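This report describes the fold, the packing and the burial pattern of one protein chain. Please examine the sequence and the model shown here before reading on.

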Amino acid sequence: MSIYVGNLSYTVTQDDLTKVFSEYGTVTRVQLPTDRETGRLRGFGFVEMESSTAEDAAIQALDGAEWMGRVMKVNKARPKEDRPARSGGGSWGRNNGGYSRQY
């Protein structure tokens, strides 16, 4: 299982998260996604711990806690959902080259 950690400071490091979560058990993995274009952290991350007991304890203790000037959102991560591909446009509301409202 993985823990979602949201509303993180953009200056947080993997070591910072490991240190905070290790108070509740052994941390096995930390991921901090970055923006593809800017390379900047996206403000959230994922933490995996050795046992579900440790994960539950960390979630209970850290959800809503203030850390690095922000209030963290900590919960069980949901599996990534398959999203439909985005279309390149379409003709929504198009009427003879313009847009119109129908009343």
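The sections below go from the overall architecture to the sheet, the two helices, the core and one exposed loop residue.

## Model and overall architecture

The structure is a predicted model. The protein chain contains 2 helices and 8 strands, and from the N terminus on these elements follow the order β-α-β-β-α-β-β-β-β-β.

Of the 103 residues in the protein chain, 26% count as buried. The exposed area of the protein chain is about 8000 Å², of which carbon and sulfur atoms supply 43%. Among contacts with a separation of 6 or more, 58% come from residues 24 or more positions apart.

## The open sheet

An open sheet is formed by 4 strands in the order β2-β3-β1-β6, with antiparallel pairing. The edges are occupied by β2 and β6, each of which has a single partner strand, so one side of each is left without a neighbour in the sheet. From one strand to the next, the twist averages 20°.

The pairings can be followed across the sheet. β2 (residues 27-31) is joined to β3 by 4 bridges, and the two strands run antiparallel; here Val-30 has Val-47 of β3 as its bridge partner. β1 and β3 likewise pair in the antiparallel sense over 4 bridges, and Ile-3 stands opposite Val-47 in β3. Val-47 is thus named as the partner of Val-30 and is also placed opposite Ile-3. Between β1 and β6, which run antiparallel, there are 4 bridges, and the bridge partner of Tyr-4 in β6 is Asn-75.

## Helices against the sheet

Both helices are in contact with the sheet. α1 packs on the sheet and touches β1, β2, β3 and β6, with its direction making about 140° with that of β2. α2 also packs on the sheet, touching β1, β3 and β6, and its direction makes about 150° with that of β6.

## Helix α1

Which residues of α1 are buried? They are Leu-17, Val-20 and Phe-21. These residues cover an arc of only 90° around the axis, which puts them on the same side of α1. The face turned away from this buried side carries the exposed residues Asp-15 and Lys-19.

The cover over the buried residues of α1 includes the strands β1, β2, β3, β4 (66-67) and β6, together with helix α2.

## Helix α2

Helix α2 spans residues 52-62, and its buried residues are Ala-54, Glu-55, Ala-58, Ile-59 and Leu-62. They cover an arc of only 135° around the axis, which puts them on the same side of α2. Thr-53 and Gln-60, on the other side of α2, are exposed.

The buried residues of α2 pack against β1 (3-6), α1 (14-21), β3 (44-49) and β6 (73-76). Gly-64 follows α2 and has a positive phi, near 90°.

## The nonpolar core

In soluble globular proteins, nonpolar side chains tend to be buried together. In this model, the largest nonpolar core has 20 residues, and those with the most contacts inside it are Ile-3, Val-5, Leu-17, Phe-21 and Val-47. At least two residues of this core are supplied by each of β1, α1, β2, β3 and α2. The most are given by α2, with 4 residues.

Val-5 illustrates the surroundings of one such core residue. When residues up to four places away in sequence are not counted, Val-5 touches Leu-17, Phe-21, Gly-43, Phe-44, Gly-45, Val-47, Met-72, Lys-73 and Val-74. Three of these contact partners, Leu-17, Phe-21 and Val-47, are themselves listed with the most contacts inside the core.

## The loop residue Glu-50

Is Glu-50 buried or exposed? Glu-50 lies in the loop between β3 and α2. Glu-50 is exposed, with a relative accessible area of 60%, whereas Glu-55 of α2 is buried.

Glu-50 touches Thr-26 and Thr-28, not counting residues up to four places away in sequence. Glu-50 and Met-1 are 49 residues apart in sequence and 9.3 Å apart in space, C-alpha to C-alpha.

Conventions
Residues are numbered from 1 along each chain as its sequence is written. This is a predicted model: local features need pLDDT of at least 70, side-chain atom pairs count only at pLDDT 80 or more; totals for chains, interfaces and linings use all residues. Side-chain values use heavy atoms; hydrogens and water are left out. Buried means under 20% relative accessible area, exposed over 50%, partly exposed in between (1.4 Å probe, protein chains only). The arc is that of the directions from the helix axis to the C-beta atoms. Contact means heavy atoms within 4.5 Å. A nonpolar core is a set of buried Ala, Val, Leu, Ile, Met, Phe, Trp, Tyr and Cys residues joined through side-chain atoms within 4.5 Å. Two strands pair if DSSP finds at least two bridges between them. Axes are lines fitted to C-alpha atoms, for helices over the stretch in contact, and angles run from 0 to 180 degrees between N-to-C directions. Accessible areas come from the Shrake-Rupley method with a 1.4 Å probe; for residues, only the protein chains shown count as cover.
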